[in-house]
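I opened my notebook beside a structure I had not met before. Here is what I looked up, in the order I went through it.

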Amino acid sequence: LKVLVGFPPGAGTDTLARIYAEALGQQLNVTTVVENKPGAGGQIAAQALKAATPESNTIMVAVDHQVIMVPLITRNPGFDMKKDMLPVGRIVNFYTCLAVPANSPAKDFQGYLDMVRKTPESGSFGIPAPGSQAQFVGYLVGQHFKVPTNPVPYRGAAPAITDLVGAQVPGAIVPCDALIEYRKAGKVRVLAMAADKRYTAMPDVPTFAELGLKMPADAFLGVYASTSLKPELLKQVTEATRKMFDNPQLVARFAATGMEPSYANPEELRKFVDTASAFWGEQVRKSNFQAK
């Protein structure tokens, strides 16, 4: 089995994909090979999944950006996620956090709103990529609370967090799990998170829903199969993925990535993506984001 990953080795998605691929290989008694195809927010890997042949036995560990945001923000993504890939299951949820540098005058979310109203330039926030969900979370914050916000795109979350820690940017909206160690070290202050419930690693940080702003919040990593995958193998992969969550040691390995294990079957995953796509599609239109 070939397991595609749309991000570089060492990234959170890659780490989880390797744990998953190893477990899948053991369950099905097959050799699994993880193939990294980074670039264009996971678009290149999704195109490779579309092009897979029946003999290549190809699946992909995908981040929600690939199947929700890329089709919304790209004029011609080179794949149609509804026609070219089949949902196998969700593996983990992860959450998106609004954070400020440790020396920021904003001590909590209300303090952040007050700061941005007083000094509009402090409404600039780093994001992992242009057109990422983080950009539209910031857009919603600005619209709902009537404060000026301005996304500052980076090439990935890591450089955005580096500038956040160094107070080169007054705020950032990035994956919460990437902030855990910086927060423990007192280098950043996390003010709010886009999540349906509080994150176990940051139980004192409120969700945007608690602060009055609701959105389909949970980002995820899920597994998708090529439509060329043989039906019998698809069935085996789908069943093996479900069974992984009966193994406490494996679930603990998923959790050790800083993301939260959260299985959803193919139909549940499909429905979640449809709902989230409709919601974020509306924000993309309202914000006048220019598709590339």
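**Entry 1: a residue in H1.** A reminder to myself before I start: this is a predicted model. I began with Thr 13 and asked whether this residue is buried or exposed. I found a relative accessible area of 11% for Thr 13, which is under the 20% cut-off, so I noted Thr 13 as buried. Thr 13 sits in helix H1, which covers residues 12-28. Next I looked up its contacts, leaving out residues up to four places away in sequence, and wrote down Val 5, Phe 7, Val 61, Val 63 and Leu 221.

**Entry 2: a residue in H2.** I moved on to Gln 43, which belongs to helix H2 (residues 43-51). Its relative accessible area came out at 9%, so Gln 43 is noted as buried because that value is under 20%. Which residues does Gln 43 touch, not counting those up to four places away in sequence? I listed Val 70, Thr 74, Asn 76, Pro 77 and Phe 79.

**Entry 3: two loop residues with positive phi.** I then turned to the backbone. Ala 40 is not a glycine, yet I found its phi to be positive, about 55°. I placed Ala 40 in the loop between strand E2 (33-36) and H2. Ala 40 is partly exposed, and I noted its relative accessible area as 47%. Asn 57 went onto the same page: this residue, also other than glycine, has a positive phi near 50°. I located Asn 57 in the loop between H2 and strand E3 (58-63).

**Entry 4: the largest pocket.** How much volume does the largest pocket have? I wrote down about 1200 Å³. The lining of this pocket has 40 residues, and the closest to its centre are Phe 7, Pro 128, Gly 156, Ala 157 and Pro 175. I was glad to meet Phe 7 again, since I had it on my list of Thr 13 contacts. Among the elements that each supply at least two lining residues I noted H1, helix H3 (64-73), helix H6 (133-145) and strand E10 (219-226). By class, I recorded 24 nonpolar, 12 polar and four charged residues in the lining.

**Entry 5: the second largest pocket.** I noted a volume of about 170 Å³ for the second largest pocket. Its lining includes Phe 125, Tyr 139, Val 147, Ser 287 and Phe 289. Which helix gives the largest share of this lining? I found that H6 does, with six residues. My last note is on the classes: six nonpolar, six polar and no charged residues line the second largest pocket.

Technical notes: Residues numbered from 1 in each chain as written. Predicted model: local features only at pLDDT ≥ 70, side-chain atom pairs only at ≥ 80, totals over all residues. Heavy atoms only, no water. Helix = DSSP H or I, 4+ residues; strand = E, 2+ residues; numbered from the N terminus. Buried < 20%, exposed > 50% of the residue type's maximum accessible area, 1.4 Å probe, protein only. Contact = heavy atoms within 4.5 Å. 1 Å grid on protein atoms, 1.4 Å probe; cavity = no way out; pocket = protein on both sides within 12 Å on 5 of 7 lines; lining within 4 Å. Points joined across faces, edges and corners; volume = space filled by probe spheres on them. Nonpolar A, V, L, I, M, F, W, Y, C, P; charged D, E, K, R; others polar.
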